[in-house]
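I opened a new page for this chain. My plan is to go from the overall fold to charged pairs, then to rings and surface.

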Amino acid sequence: MTGSTHYETLGVPEGASVAEIRKRYRELARQFHPDVARSPGAAARFKEINAAHQVLSDPERRGAYDAELRLGRARAAARQGQAHGVNPRGTEAGARAASSAARATTAPSGSRPRRTAGRTTAEQAAAVIAEAQAAFRQMRFREAEAACRMALRMDRRSAVAYEMLGDIHRARGHIDEAIAMYSYALQLDRHNRVLQVKFDRLVGQPAGRSGERPARPGGRSHRVPTVFGMPAARAAATVLGCGLLLFLSMVASMAPGPATAGWLPLQWSATLLFSLGMGGLVAGLLLSVNGYVARARDELAFTPAGRVRRPTVPLGGVLLAFALIWYYAAFALYVCVAYTHEAVTASLFRVFGGTFALMALFALACPDSALHLLLMGGNLVFPAMVAGWMLGDAFRD
């Protein structure tokens, strides 16, 4: 073991918990990111921080690393004892024990032998990655992750595989793991602007402290007026949007309600349909511009994740189709898919929750038609909210 340990690199004690390690990593990542730190050694320091976090955040790799540390210290103690004329038998026995522990920890149980050199080609890795991309688009995250790790065993320098793993961790809400995967991919593909944007969003770039814009090269940062912790312009737009939602609910209360027309939304008055649709559009826009949801194209898989061997149906299209039939059917479908494929994302749950909250607001404004609105109003509100969500992405940083 040469140089400082991974614990010293991150500045945490050896008994630190995983939460402490991740918190410290995020602080250092923001401080030494090459786009922020202008010192000559920032890039090298950033690379060391990523490597240390990658090892210490994985329990299996951390156990192997700790065993290697103990082995190195035992050997150092044995050499020091020999230099001072001390019987080295005890220290040598400790070194052998540490070496055995390191070998036992490094070799995972049930591991398969590596593939032969003739089969572990870059072409085969690319084919496996294509299968991972297809599985990711269908939210089969377990299969996608397993395929990416298989591709990395074939080609350790596959930036696409690391990027895919970052996408999977990000979709699961594992932000620290996603940052680590994106950083590894950036080291292998430095000119990938899409990848750089993904990384910057997760690490908090280009935003600095709340209400402070980052300095341009050669310029100075300046404060932006804030209201309730958000930029003044965004706060004003939020207040205006909430006021518009209340106004639309009042308009709906004056229109003929569904109680007199029927259960199907197509039978409701044009005024009520307009109010529901516009309310969903505004609500989705507010969620997006205020950062309460991630990018719609990432969460709903509207855009291709790469070339795949077989066509796949994006999740967003399936949910919208079910929502047009019945909103609660779309929600039940998403819950089943999310939990069976470990694809739970906070963004979609917030959109579903926002849809129900908006239906409740209109139900309070129209008490005679409350049951109709609560049961069938989501058929129009949810697609409109998704449209507002996608529109809001165009106004985000």
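I started from a single residue in this predicted model. D176 comes out at 10% relative accessibility, so I logged D176 as buried, the cut-off being under 20%.

**Entry 1: the partner of D176.** I looked for what D176 meets. Its side chain forms a salt bridge with R26, at 3.4 Å from N to O. The two sit in distant parts of the chain: R26 is in helix 2 and D176 in helix 9 (residues 175-188), 150 residues apart. R26 is partly exposed, at 26% relative accessibility.

**Entry 2: the whole chain.** I stepped back for the totals. The chain has 18 helices and four strands. It runs to 397 residues, of which 43% count as buried. Among contacts with a separation of 6 or more, 65% are between residues 24 or more positions apart. The exposed area is about 21,500 Å², and carbon and sulfur atoms supply 61% of that.

**Entry 3: other salt bridges.** How many salt bridges does a search of the whole structure find? I got eight. One of them joins E27 to R24, with the closest N and O atoms 3.3 Å apart. Both residues lie in helix 2 (residues 18-32); they are three residues apart, so about one helical turn separates them. I checked exposure next. E27 is partly exposed at 37% relative accessible area, and R24 is partly exposed at 29%.

**Entry 4: D167 and K198.** I then turned to D167, in helix 8 (residues 159-172). Is D167 buried or exposed? D167 is buried, because its relative accessible area is 7% and the cut-off is under 20%. Leaving out residues up to four places away in sequence, D167 touches F136, Y182 and K198. The contact with K198 includes a salt bridge, with the closest N and O atoms 3.2 Å apart. This pair also links distant parts of the chain: K198 lies in helix 10 (residues 193-203), 31 residues from D167 in helix 8. K198 is buried too, with a relative accessible area of 13%. I followed the charges outward and found a network of salt bridges linking E163, D167, R170 and K198.

**Entry 5: rings.** The structure holds 12 aromatic pairs. W326 and Y328 make one of them, 5.4 Å centre to centre with 65° between the planes, an edge-to-face arrangement. W326 is partly exposed, at 36% relative accessible area. Y328 is partly exposed as well, at 23%. I checked F331 and F352 next: their ring centres are 5.2 Å apart and their planes lie at 70°, so this pair is edge-to-face. F331 belongs to helix 15 (residues 327-340) and F352 to helix 16 (residues 346-365), 21 residues apart. Which of these two rings is buried, and which partly exposed? F352 is buried at 2% relative accessibility, whereas F331 is partly exposed at 30%. Ring pairs join these four residues with Y327, Y334, F349 and F382 in a cluster.

**Entry 6: a charge over a ring.** I also noted R45. Its charged end sits over the ring of F32, 5.0 Å from the ring centre.

**Entry 7: surface.** W326 turned up again here. W263, I325, W326, L371 and L375 make a nonpolar surface patch of about 520 Å². I looked up I325 in particular. I325 lies in helix 14 (residues 315-325) and counts as exposed, at 66% relative accessibility.

Conventions
Residues are numbered from 1 along each chain as its sequence is written. This is a predicted model: local features need pLDDT of at least 70, side-chain atom pairs count only at pLDDT 80 or more; totals for chains, interfaces and linings use all residues. Side-chain values use heavy atoms; hydrogens and water are left out. Rings of Phe, Tyr and Trp (its six-membered ring) pair if their centres lie within 6.5 Å; planes under 30 degrees apart count as stacked, over 60 as edge-to-face and the rest as tilted. Buried means under 20% relative accessible area, exposed over 50%, partly exposed in between (1.4 Å probe, protein chains only). A charge sits over a ring if NZ of Lys or CZ of Arg is within 6 Å of the ring centre and within 35 degrees of the ring normal. Patches are made of residues with over 30% relative accessible area and no salt bridge: like charges are joined within 9 Å, nonpolar side chains (Val, Leu, Ile, Met, Phe, Trp, Tyr) within 5 Å. Accessible areas come from the Shrake-Rupley method with a 1.4 Å probe; for residues, only the protein chains shown count as cover. A salt bridge is a side-chain nitrogen of Lys or Arg within 4 Å of a carboxyl oxygen of Asp or Glu. Contact means heavy atoms within 4.5 Å.
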